[in-house]
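Work through the exercises below with the structure open beside you. Try each task before you read its solution.

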Amino acid sequence: MKTFKFPARHGYAVEISPFIPTRLACATSQYYGIAGCGTLLVLEQTETGISLVKSFDWNDGLFDVTWSESNEHILLTGGGDGSLQVWDTANPQPGPLQVLKEHTQEVYSVDWSQTREENLVVSGSWDRTAKVWDLSRGGQSLCTLQGHEGVIYSTLWSPHIPGCFASASVLFLSPGDGTLRVWDVKTGRCRLAIPAHKAEILSCDWCKYDQNVIVTGAVDCSLCVWDLRNVRQPLSRLLGHSYAIRRVKFSPFNQTVLASCSYDFTVRLWDYSRTEQPLLETLQHHSEFVCGLDFNLQIPNQVVDCSWDETVKIYTPLCLADPPPSAR
């Protein structure tokens, strides 16, 4: 396991570059995101550890980060001041290339579309709106999508369907209920609304192999895997965490394997196709909330996470590691 320590900053999100398998970015905040500034860390994985390539400071906490899908040097972060910041790792200047300011409260989620020839970004905010941006067309959003009654914690483009993204939130009038919504950017409408949990939903992710499958993670300590063609009940409900699930990620290498990280300080690996024992492994290598999680798209089964304990960690879970030749 490789570890990078960043004193006086608390990790909120981490993502591996889609271009450079050894490059990753981590969005951090001072004082647990309650006050102070934020720092974007650009890191490089080496044979022996993790080194700092560059860091960018912002005057408010940074809660999420996403890499450009068209330029290996460009990143986007979401901040506590309601703005999105565009950064260039090749730029010698310390500030952002562009600042997008339309949201009126914290931007808790940002995601760059993987669709070719689309330069779209989606942001989700505590102001209950999701906004879609085309960064090549200037600093104004293309559209604002409204429908959630409470704060939005997660927004994520479908890797299969152009102009389609999912968002996760909580019902404002019924804070014990969380909803998952699927949106069509072309029409600006919600295609599907699912009362997925009896609690706030903090994260969602699309299956990389099936356009109809999505997973949600919530404050009720459960993950639910959904088939969007039949949402009366989940395909699977995964239990094991003892506190809220902060982020969920499907494996890019196995259709039914996914990972989750939680405020119970753990990362867990699951196979939802296993009805008897879907929990594959529990990793307990942090001493604070684990908030960021990602799979490496180019190095099979490699996982990265970040935590409020001021560390980023890179590793391959034992349950996903290749068995020794004698065991094959």
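**Exercise 1. Find the contacts of Phe265, then decide whether Phe265 is buried, partly exposed or exposed.**

Solution. Start with the contacts. Skip the neighbours within four places in sequence. Phe265 is then in contact with Leu283, Gln284, His286, Ser287, Glu288, Phe289 and Val290. Next, place the residue. Phe265 sits in the loop between β23 (257-262) and β24 (267-271). Now the accessibility. Phe265 has 30% relative accessibility, so it counts as partly exposed. Last, a distance. Gly147 is 118 residues from Phe265 along the chain, and their C-alpha atoms are separated by 33 Å. Keep in mind that this is a predicted model.

**Exercise 2. Do the same for Val122: which element holds it, and is it buried or exposed?**

Solution. Val122 belongs to strand β11 (residues 120-125). Its relative accessibility is 0%, and the cut-off for buried is under 20%, so Val122 is buried. Now list the contacts, leaving out residues up to four places away in sequence. Val122 touches Ser109, Val110, Asp111, Lys131, Val132, Thr155, Leu156, Trp157 and Phe165. Take Trp157 from that list. Val122 and Trp157 are 35 residues apart in sequence, with 7.6 Å from C-alpha to C-alpha.

**Exercise 3. What is the phi of Arg128 and of Asn301, and where does each residue lie?**

Solution. Begin with the general rule. Most residues other than glycine have a negative phi. Now check the two residues. Phi of Arg128 is near 75 degrees, a positive value. Phi of Asn301 is near 70 degrees, also a positive value. Then find their places. Arg128 is in the loop between β11 and β12 (129-134). Asn301 is in the loop between β26 and β27 (303-307). Finish with accessibility. Arg128 has a relative accessible area of 34%, so it is partly exposed. Asn301 has 16% relative accessibility, so it counts as buried.

**Exercise 4. Which residues touch the most other members of the largest nonpolar core?**

Solution. The largest nonpolar core has 16 residues, and Leu180, Trp206 and Ile214 touch the most other members. Which strands build this core? At least two residues each come from β15 (164-170), β16 (178-184), β17 (189-197), β18, β19 (213-218) and β20 (222-227). Another core of 13 residues lies apart from it, including Val14, Cys26, Leu43 and Cys306. Now zoom in on Leu180. Beyond four places in sequence, its contacts include Ala166, Leu192, Ile194, Cys204 and Ile214. A general tendency fits here: in soluble globular proteins, nonpolar side chains tend to be buried together.

**Exercise 5. How much space lies in the largest pocket, and in the second largest?**

Solution. The largest pocket holds about 600 Å³ of space. It is lined by 37 residues, and Glu15, Asp111, Leu156, Lys249 and Asp294 are the closest to its centre. Sort the lining by class: 21 nonpolar, six polar and ten charged. Several strands supply at least two lining residues each, among them β2 (10-16), β10 (107-112) and β26 (290-295). The second largest pocket holds about 170 Å³. Its lining has three nonpolar, two polar and five charged residues. Glu117, Asp134 and Lys186 are among them.

**Exercise 6. Where does pLDDT stay under 50?**

Solution. Look at residues 324-328. There the model has two contacts beyond four places in sequence. Where pLDDT is low, the predicted coordinates should not be read in detail. Now take the whole protein. The average pLDDT is 94, and 96% of the residues score at least 70.

Technical notes
Residues numbered from 1 in each chain as written. Predicted model: local features only at pLDDT ≥ 70, side-chain atom pairs only at ≥ 80, totals over all residues. Heavy atoms only, no water. 1 Å grid on protein atoms, 1.4 Å probe; cavity = no way out; pocket = protein on both sides within 12 Å on 5 of 7 lines; lining within 4 Å. Points joined across faces, edges and corners; volume = space filled by probe spheres on them. Helix = DSSP H or I, 4+ residues; strand = E, 2+ residues; numbered from the N terminus. Nonpolar A, V, L, I, M, F, W, Y, C, P; charged D, E, K, R; others polar. Core = buried A, V, L, I, M, F, W, Y, C linked by side-chain atoms within 4.5 Å. Buried < 20%, exposed > 50% of the residue type's maximum accessible area, 1.4 Å probe, protein only. Contact = heavy atoms within 4.5 Å. pLDDT = per-residue confidence, 0-100.
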